[in-house]
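Biologist: Please take a close look at one part of this model for me. I would like to understand the surroundings of the ligand, and how they connect to the rest of the chain.

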Amino acid sequence: MAGEATLTNNDIDSDHQTQHNGSAERSTTHTGIKVLIVGAAFGGLCAAIECRRQGHDVEIYESFKELKVLGDIISFGANASRTFRRWFIPGTAERISDRLDPLSIKLQSYGFNIHKYDGELVMNQKSPPPDPEVPVFNGHRGEFHSVVYNYVRDDLHIPIHLGCRISKYFETESGAGIFLDSGEKVTADVVIGADGDPETRRFCENGDTFNGWIGPDVRFLFSTIKNGSDCCWVLTHVDDADIEESWSFPGKLEDVYKVFEGWDQLCKRIVSKTPEDKLVDWKLVYRDPLPKWVSDGG
Ligand SMILES: Cc1cc2nc3c(=O)[nH]c(=O)nc-3n(C[C@H](O)[C@H](O)[C@H](O)COP(=O)(O)OP(=O)(O)OC[C@H]3O[C@@H](n4cnc5c(N)ncnc54)[C@H](O)[C@@H]3O)c2cc1C
């Protein structure tokens, strides 16, 4: 438990400061407040960045053992992207948004082609012209996650403890803490649970493209990104299986082909290029919402 590896307060931008050649003066001072964050996905990482900006000592605990580039497409609309634009690489004029933008799908020229499941093109929806002040990021969730993760770890030097599953949270009159699966107890002034929730849990030649097919009980989205050098797809379909802990399983192409019977042949041709060991069957399941977001002690 370090807690003292704090960056200087000059390192990070704040909303109320001016930028001079990328360096940032910050109004907040070191508070001495120790914050533990459970979960190193977007929620936990972004909470850690803001805690650091406010002058707190912050550390992250995460159950995964190593960072993997996981997920398919994720979209950050204007509200979230404005926040990414406010966060600078310490000592530079570079923003996190400058790192997310080259990874983002640009569909101003191609648009989004929406097909009926038999292949008929229903409509082409163009993206609005980009606004540099309010960028919108659509791209590979895993790559975006790596950008934010690396910023927290390498630029802000916030400790991220991997392979640490938290089994229990607790709070006392004067503080709060966590118990790791190993039995280790860690205390702090504040604990933020950002451990998600099970519920949450010839294209390439055209550069960036985005196509969707809509059929009975099935939706198929396919995108090429980074000027057509990468691609990804996602298929949602009826699935009555439940899950307990893990919510991802190896996927099988033969299961996908069954869903595509009677569909536009192009869909099968696209998925047939997928290396089967990269195919993941993600479960999307409903869970009761949390009754409250803040602990009894506040
Ligand atoms: C692997 C993965 C892939 C995803 N892919 C997509 C996608 O392609 N498109 C999309 O729109 N959304 C995707 N999502 C969902 C989306 O990223 C998140 O739901 C959303 O951003 C909310 O983020 P979060 O940080 O609140 O929670 P989550 O993203 O759910 O992250 C929670 C984190 O907490 C960790 N954690 C959970 N329990 C514990 C514990 N007991 N101890 C320690 N650590 C714990 C998890 O390992 C995880 O890293 C994905 C989420 C994950 C985890």
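Modeller: Start with the shell around the ligand in this predicted model. Helix H1 and strand E5 (73-76) each supply at least two residues of that shell. H1 gives the most, with three residues. In total, 24 residues surround the ligand. Gly39, Ala41, Gly43, Gly71 and Gly196 come nearest. By type, the shell divides into 11 nonpolar, seven polar and six charged residues.

Now follow H1 away from the ligand. Helix H1 (42-53) also supplies at least two residues of the largest nonpolar core. That core has 33 residues. Leu36, Ile37, Leu45, Ala48, Val148 and Val152 touch the most other members. Several other elements each supply at least two core residues as well: strands E3 (34-38), E4 (57-61) and E11 (176-180), and helices H3 (96-100) and H4 (141-155). H4 gives the most to this core, with six residues.

Look at one core residue, Val148. Leaving aside residues up to four places away in sequence, Val148 touches Phe42, Leu45 and Ile96. Another core, of six residues, lies apart from the largest one. Its members include Trp213, Phe220, Val256 and Cys267.

Finally, step back to the whole protein chain. The chain has six helices and 18 strands. Of its 298 residues, 23% count as buried. H1 is a good element to remember here, as a supplier of residues to the shell around the ligand and to the largest nonpolar core.

Note on methods. Residues numbered from 1 in each chain as written. Predicted model: local features only at pLDDT ≥ 70, side-chain atom pairs only at ≥ 80, totals over all residues. Core = buried A, V, L, I, M, F, W, Y, C linked by C-beta atoms within 7 Å. Buried ≥ 20, exposed ≤ 12 C-beta atoms within 10 Å, placed from the backbone. Helix = DSSP H or I, 4+ residues; strand = E, 2+ residues; numbered from the N terminus. Contact = placed C-beta atoms within 7 Å. Near = placed C-beta within 6 Å. Nonpolar A, V, L, I, M, F, W, Y, C, P; charged D, E, K, R; others polar.
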